[in-house]
Structures are given as structure tokens and as C-alpha cells.
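Have your viewer ready and follow along, one selection at a time. We will start inside one chain and then move out to where two chains meet.

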Amino acid sequence: MNPVVRTFGVRGALLGAVLLLASGCAAVGAYSATSAGPPMPVREVLPNGVVLIAQEHRASDVVAVQLWMRMGGRDEAPDELGLAHYIEHMIFKGTPTYPPGSIDRLIEGFGGTSNAFTSYDTTHYDFVVPAEHLRATVALLADLAMNASFPPDEIEREKKVVFEEMNLVEDDPDKFLVRRLYEVAYAPHPYGRPLLGTREFIERLRRDQLLAFYRKHFVPKSMAVVVVGAVTPGEVRSAAVATFGRIPPGSAGRPELSPPPTIDRSRRVDVQRPEQQAYLGLAWKTAPTGDEDIYPVDLLTYILGDSPSSRLNQAVRERQRLVSSIEAGYGAWQKAGLVTVNARLDPENAEKAEAAILDVIRKVRETGVTEAERQRAIITAESSYAFDIETAEGLAKAYGQAETTWTLADEVAYLGRLRQIGAAEIQAVARKYFGDDTYARVRFIPTGPPR
Amino acid sequence: MTAGTRRAAALGLVGLLAVGVLVVPSAALAESRRERLDNGLTVIVRENPVAPVVAVSLLVKMGTRWEAPATAGIANFVHAVMVKGTAKRTGAELAEAVAALGGKISATGDVDYSEIRASSLARFWRDLLGFVAELALEPTLLPDDVDRERDWLLSRVQKRRDNASSRAFDAFYAALYGPHPYALPVLGTPESLARIDHAAIVAAYRAGYRPDRMVLAVSGQVAASEVLAEAQRRFGGVARDGAGVDPPVPAPIASARRVELEMPAQQSQILAGSLAPPLDHPDHAAVKVLSTILGGGMAGRLFAELRDKQGLAYTATSYYDPVREPGALVLYLGTAPENAPKAEAALLAEVERIRRDPVSTEELTRAKGYLLGRYAMDRRTNERLAWYLAFYAVEGQPPDFPERYRQAVEAVSTADILRVARRYLATLTTLVVRAR
């Protein structure tokens with residue numbers, strides 16, 4: 001409810017684990033075979049370069065209106081870390097048309113919700129409102145994309161909020177472990193950056209820095225507007241052309257990004273933490289979005305660590321009792337993917353648990369996975385995707401993510417492709433990516449005496 | 001859900017129980033079909049083609065409304081034991097079997113009903129319905145499970161008592177409802193849980209799980225005629241056994257009481273409220289709008305005045321949930337201990353103001369938009385859609401309830417607000433939990 005609680009991070013749902021930072025373009029797909037001719041999204045590029053994606057979706061009387069930007073943490077200069085996320089907060093602080101505070105009240109007055117997310121490759125701004133407010137909401141979103149005011153006093157006030165967000169992440173060991181894993185695995189590559197930024201930079205952050213970044217990146221060519229709900233594509237088009245269609249074209253400001261380097265044994269960090277339990281996180285660099293390997297990597301991640309019946313749970317938690325919880329997640333980004341394995345455990349078991357995890361993976365490399373495991377993983381993937389897209393905002397998110405980090409066509413074909421992946425291909429990606437030495441490691445070690 | 005409330009959110013209006021097969025026009029595109037099996041069990045199916053998923057909500061008329069101080073919490077207790085195993089498999093095996101359908105299953109007690117809730121990939125709807133039937137009709141209810149679940153429930157009761165806002169709400173309902181069973185906590189009390197034994201659990205299960213007390217709702221990418229046939233196959237064989245008439249429930253008595261408690265906490269809790277109409281009362285929609293004007297979101301009066309302007313509270317909201325018997329309109333503040341006396345006075349001043357001055361048209365319009373928007377927002381997933389379908393049926397409301405409710409809300413006038421504020425906010429029960 002509080003408008004300032006704008007979570008950063010992306011979906012990890014498809015990826016088998018609820019890891020906040022794990023993103024997944026892999027989280028895409030098509031309808032099940034039982035679906036009788038599902039509606040397809042309508043995609044159009046407006047003359048100024050804004051991509052418009054619309055789909056009628058009448059599960060309820062609401063509409064999801066989202067703006068996806070081809071802009072994220074990776075587009076910051078090394079000395080301005082946290083700008084993309086800060087802009088995400090400031091966008092809602094008003095325009096000349098909508099004074100500070102009025103945006104949240106407007107959306108709330110509709111009975112709707114607003115939210116926004118920043119990740120490495122993208123940021124997106126989301127509204128869900130009753131369908132009758134489509135035009136007003138599209139107009140509001142376009143105004144935010146063009147005319148954000150960045151009021152100086154609001155910039156200062158928001159610093160406290162962002163610091164609080166940093167504290168919240170640091171206080172939550174599960175979230176912080178994933179955050180640290182990305183940093184340890186990839187720094188100084190942009191995928192190894194803290195998306196919330198550094199305290200030092202945020203403290204000194206000035207309005208002109210925000211404005212320059214905003215003007216550089218909020219250009220039509222970087223925008224994808226996704227509208228899904230109880231509306232027709234015609235209605236969406238009419239609302240978008242009159243607003244987003246009028247933004248003057250500009251040149252896209254995004255530089256090319258090279259993939260992060262290979263991970264080696266040097267990427268290991270131990271962190272002293274106040275919790276009673278220890279945490280162990282391992283991460284392997286895997287397939288980026290757009291790579292054919294995302295399908296078997298996705299299935300392998302489910303087989304390794306999605307459910308109580310997964311391999312890591314059965315071996316490391318149930319049989320060897322080395323951890324109290326363990327899960328795997330897959331974040332697929334445009335230039336690299338990262339599969340993470342996270343466990344909570346007693347500190348004295350840290351070495352043994354790591355060896356046991358490596359054993360489980362070694363066994364997959366050597367003897368592969370069973371047909372039953374493969375089928376179960378496909379059902380889990382399907383289910384995760386299907387429950388994501390049952391709401392208008394979930395489907396819009398899948399489309400927006402695909403459009404900005406992959407392609408809409410791949411998204412729609414995803415589940416069909418996934419079903420064709422055989423056990424041999426799953427074993428092949430285990431051999432290709434999951435080495436005994438090619439992982440990053442973060443351990444949280446309790447500072448207090450063990451219980 | 002906010003720690004305070006204990007009831008699911010839904011809304012209501014007048015209606016009669018519909019029987020037989022009928023096709024129902026609804027606000028959204030999809031239609032629902034409702035059928036009553038020969039044994040009295042109601043089945044409702046909504047075809048929702050947008051995603052390959054299905055959700056099932058089986059509501060049974062057992063809950064706080066049928067409990068007494070000695071049996072408080074028994075409906076929820078029964079469901080906690082039910083999920084521990086069926087004639088065919090253990091609870092863990094059941095969970096794993098449903099997970100293999102890409103789904104999940106659970107069971108809980110509530111105020112006017114108890115629920116078995118399940119969902120999965122749509123193409124497994126038949127298996128899913130089978131598991132729901134198995135859990136509903138063939139639970140083993142083992143004595144050992146009763147003892148284990150009692151311990152777990154006792155720990156949850158303790159946890160709830162340690163939480164300032166949930167303790168405040170429980171104490172408030174107790175003070176407001178007096179002899180009426182809505183005074184009792186859904187989880188029960190340490191005394192009642194200690195007294196409920198295996199025989200009582202089995203007896204309560206048998207008294208509740210009768211076909212004429214059950215409503216099965218299914219929403220998702222399914223064919224209604226197939227689901228209706230399968231429901232007949234799975235549930236049609238349950239014998240109708242001449243279930244007795246529910247005993248009369250003692251009426252609550254409104255009284256201007258003020259109760260004060262003390263407990264270690266960071267915040268003080270202030271609740272003021274009164275008895276309000278049940279969901280089938282002609283004033284229900286107007287009181288929903290009244291509640292929204294006072295406590296609906298950031299523009300609600302409590303938030304705008306007490307938090308934004310006067311800085312007297314962190315949390316400032318209102319609750320009015322739809323129930324079969326008299327409802328409760330509750331105004332709720334969470335505040336710093338030093339601000340508590342001022343906050344309570346300011347809350348009462350807001351009550352006086354809305355009973356004295358008509359609201360503006362603008363405020364009324366905003367409140368209606370917020371209320372109906374939230375209502376639409378709450379019916380986005382098949383899980384919620386299935387629950388709403390079953391809920392209205394179990395409360396005896398007609399299938400076109402959502403549309404009638406929407407029209408009733410739209411029709412509420414400023415005069416209606418003044419009238420219901422004067423009528424329902426005349427006698428306030430107040431409960432304060434002081435932090436120490």
C-alpha cells in the first residue's frame with residue numbers, strides 16, 4: 001500500500017526458487033495443449049519506436065498497464081550505482097500535471113495498485129486498475145515517462161526510504177545471500193553490481209544526475225508498453241497512440257554489454273553475520289536469454305532444487321541431514337545466466353554440505369536424470385508459468401520481460417520447446433556449465449556462539 | 001492479510017438460495033453453472049479459459065458460528081487433523097501427489113464456513129477433484145494426529161496472543177459480540193483446545209461434512225458439463241442423512257463498553273466499532289461505503305486526518321466483512337503509546353463528524369470507486385473466483401450477487417451514508433491495548 005515500497009528484483013518463480021534477485025526471461029511459455037486456440041498478443045511498433053503489446057484477457061474486470069524500459073542497473077556508470085533504481089522511486093513523485101502524492105491517490109481511488117521493479121537489464125512500472133480506467137492510466141504512465149518532475153525536496157526525502165530498503169535486504173539473510181552471490185560471481189561486470197546502489201553515492205545524489213540519466217534513457221526506442229486485460233487491442237492502441245505515440249523520437253542510449261567472465265575458484269567470500277544459522281550459496285554461470293540451453297538449464301534447476309522431492313532436498317537435507325533447507329534458482333539475463341544453490345545449515349556442516357551438493361551435481365553429470373524427473377520438472381515449469389499468467393498483470397509481465405530481454409515469439413513458444421527437451425540434453429548442460437571449480441561461493445558465518 | 005482481521009473479504013446483498021441448474025449472467029464474460037445434486041450438495045463451475053489452471057473451493061457449513069466457548073476452534077481443529085491423512089495416503093503423500101499435478105491443497109476453518117482449497121494445472125482437474133473428494137470424505141482422523149495438532153494449535157494460539165494487534169481484535173470481538181459465537185476466536189482457546197478430544201473431532205467432522213452443508217466450486221480452464229458429471233461421480237454417493245436444523249444462535253447485545261488491556265508491545269492498539277448489518281441486509285452496501293469513507297486506503301478519513309494531518313497513528317483503517325449474522329464495523333488505529341489518548345479522542349471525533357455532517361459527493365464517488373475497484377481486484381485468480389462462487393452459495397446468496405452488489409454500491413447516496421452512520425455508529429464498543 002505504501003507507495004514507496006517498490007521492490008527491486010524480478011521474478012524467480014519459473015526458476016524453481018523464490019530468490020528475489022533471480023530473474024528469468026526463462027519464465028515464459030505457451031499455453032497448455034488443453035487450451036483451445038489461446039489468444040495471441042498483438043504487437044506493433046509505433047512510428048517513434050515505442051513497442052506496443054496488447055492482449056484481451058477477461059479473467060476479471062481489470063487491466064494491467066505496464067511500461068517496460070530497456071534500461072536497468074547495467075546502464076549505470078561505475079560511479080553512479082543506484083541511479084536506475086532511484087529513478088524508479090522518483091518517477092512516482094509527480095509531473096507538472098500530477099503533483100507529488102497525487103499519483104498514488106489517483107490509482108488508489110480507482111481501487112487499483114501500482115508497483116515498479118528494477119533489474120540489471122530492465123526496469124518496469126506497473127499499474128492494475130479496473131478496465132474502465134484504461135485511458136487515464138495509459139495517459140498517466142506516458143506522462144511519467146516524459147515529464148517526471150524530480151522535486152528536490154522529494155529527492156532528499158526518498159534517500160531515507162532507499163537506505164531503509166538497503167537495510168531490509170541486508171537484514172534478510174536469504175535475500176542478501178543471493179545479492180552477494182551475484183556480486184561475488186560477476187563483479188566488476190555490471191551484473192555484479194548492487195542494484196540499490198551504494199550509500200556513498202545515494203547520499204550525495206543530485207537532481208541533475210537523475211535528470212541526465214532519465215533524459216538519456218527514457219526515449220521511445222527503449223520503451224515497451226504492455227497492456228493486458230478486459231479491453232480490446234483497439235482500445236489499447238487508441239489510448240497508447242494518443243499518448244506514448246506523441247513522445248518525440250530520440251536515439252537509444254544503451255551501449256553494448258559484453259558477457260561477464262568465466263567464474264573460477266577466486267570468487268569465494270565468507271561474511272560474518274548475526275544470525276544463529278549459517279548460510280551457504282553456490283552459483284554457476286549458465287545460459288543467457290536467447291540461448292538454446294535455457295530450456296534444459298531450467299529443467300535441471302527444477303530437478304536439482306525445486307521441491308521436497310528434488311535431488312538436493314532428498315540427498316543433502318533428507319538423507320544426510322546436513323542442511324535445514326536447500327533450494328536452487330535460475331536467473332537468466334541477456335548476457336549470462338546464473339544458477340544458484342542456497343542452503344541454511346549449522347556452521348559446522350558447511351564443508352560437508354558443499355561437498356554433498358557437488359556430489360549431487362557430479363552424479364547428474366555422470367548418469368543423467370530419470371524420465372520421471374524430467375516429466376515432473378516439465379509439469380512444475382508449466383504450473384509455475386500457468387499460475388503466473390492467470391492474472392492480467394502476470395501475463396503482461398511475461399510479455400514485457402520477453403520483449404525487452406528476449407523475444408515475444410520465443411516467449412509464446414517456450415513451453416512447447418521445454419516439453420521437447422530430453423534427459424540427454426539435461427545431462428549435457430550439467431556437463432557444460434556445472435564444474436567442480438567453476439562456481440562462486442558465499443558463506444554467512446554466525447558471529448555468535450552456536451546454539 | 002492484516003493481522004487484525006480474521007475473516008475473508010467479500011460482500012453481500014439480499015437473495016434467495018437458487019436451486020436447480022441455471023446459467024448465470026455475470027459482470028465478466030465467463031458464465032457459471034450451478035447445480036444441486038440429489039443428495040443436496042451444491043456444485044458451481046465457472047469456465048475461465050485465460051490460463052491452463054484450475055482451482056477448487058469446497059466450503060462446508062461448519063465454523064465459529066456453530067461453536068460455543070467449550071468447543072471454540074473445533075472446526076479449524078478438524079481441518080488441521082483432516083490434512084494429516086486419508087484412507088488412501090498420508091498427508092505428506094497427498095501433498096506430494098497434488099504437487100505432481102503442478103498444484104497444492106489445504107484446509108482451514110473460518111467463521112461462517114470451513115474450506116478445502118486446491119489448485120493445479122487444468123488438464124489434471126479430474127485428479128484434483130478426486131483428491132479434494134478423498135480429503136473431504138475419507139480423512140482418517142487418527143487419535144495421534146489429534147494430539148499432535150492440538151499441540152501445534154496451542155502454540156499458534158499463544159503466538160496470536162503475543163501479537164498485539166491480533167490479541168486486540170480477538171478481545172474486541174469478544175467484547176462486541178458477548179454471547180454470540182462470533183465472539184469466539186477461530187483458532188479456539190487453550191481451554192477449549194485442551195477439552196476437544198478425538199471423539200469430539202470425529203463427531204464434529206460427521207456433523208459438518210453432510211452433502212446439504214457443502215458447496216463445491218470450480219473455476220478454471222475446464223468444461224462445466226464434464227466437471228458437473230465428475231462431481232456427481234465423486235460426491236453424488238454421499239448419503240443424505242436428514243441433517244438436523246441448526247440451533248438458534250444467541251443474539252449479540254450492543255453496549256457502549258470500553259475495555260482496556262495491557263501487554264508488552266511497541267505500539268498501542270485502539271479499536272472502536274459496533275454491530276453492523278449482515279451481508280443480506282439492505283443496508284450492507286451503504287455500510288461498506290461508510291466503512292470505505294472512514295478507513296479505505298490513504299484517502300480514507302482515518303488515514304488522511306489521523307495519520308497524514310495529525311500524525312497520531314501509523315495504521316489507520318477500517319474493517320467490515322460480510323457475514324451471515326450481524327457484522328462488525330471496526331475502526332482500527334495502531335499508534336505510539338504516548339499518542340494513544342489523543343488518537344482515541346480523534347477517532348471518536350471522526351465518528352461524531354460522520355454522524356453529523358453529510359459527506360461530499362466527491363468523497364462518496366471516490367469511496368465507491370475504491371470499493372468496487374478493490375472488489376474487482378480481489379477476483380483476479382481462479383482461487384479467489386472459486387472461493388467467491390462457493391462463498392455466496394454457502395451464505396445463501398444468488399449467483400448474480402456481484403452484479404447486484406455493484407448496483408447497490410452505485411446507488412448509495414450521501415443521505416444513505418448519514419442515515420447508516422447515525423444508525424450503526426450510535427453505540428460504540430471500544431478496546432484499547434496499551435503497550436508497556
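**Stop one: two helices in chain B**

Begin by selecting Ile74(B), Phe77(B), Val78(B) and Met82(B) in α1(B), then add Ala200(B), Ile201(B), Ala204(B) and Tyr205(B) in α7(B), which they meet. Keep in mind that this is a predicted model. Colour the selection by class: the contact of α1(B) with α7(B) has 8 nonpolar residues, with no polar and no charged ones.

Now show both helices as cartoons, residues 74–82 for α1 and 198–208 for α7 of chain B. Their axes lie 9 Å apart and the packing angle is about 95 degrees, so α1(B) is roughly perpendicular to α7(B).

**Stop two: where chain B touches chain A**

Next, bring up both chains. Here 37 residues of chain B are in contact with 33 residues of chain A. The area buried between the two chains is about 3,000 Å², and carbon and sulfur atoms give 59% of that. Select Val50(B), Met298(B) and Arg380(B): in chain B they lose the most area to chain A, together 23% of what that side buries.

Stay with Arg380(B) and add Glu393(A). They form a salt bridge, their closest N and O atoms being 2.5 Å apart. Across this interface the rule finds 5 salt bridges.

**Stop three: the elements on that side**

Finally, highlight α2 (91–99), β6 (114–121), α12 (361–377) and α13 (382–394) of chain B, the elements that give two or more residues to the side touching chain A. Of these, α12(B) gives the most, with 7 residues. Colour that whole side by class to see 18 nonpolar, 11 polar and 8 charged residues.

Terms used:
Residues numbered from 1 in each chain as written. Chains lettered and ligands numbered in written order. Predicted model: local features only at pLDDT ≥ 70, side-chain atom pairs only at ≥ 80, totals over all residues. Heavy atoms only, no water. Contact = heavy atoms within 4.5 Å. Buried area = accessible area lost by both parts, 1.4 Å probe. Salt bridge = Lys/Arg side-chain N within 4 Å of Asp/Glu carboxyl O. Helix = DSSP H or I, 4+ residues; strand = E, 2+ residues; numbered from the N terminus. Nonpolar A, V, L, I, M, F, W, Y, C, P; charged D, E, K, R; others polar. Axes fitted to C-alpha atoms, helices over the stretch in contact; angles between N-to-C directions. Parallel < 35°, antiparallel > 145°, perpendicular 65-115°, else oblique.
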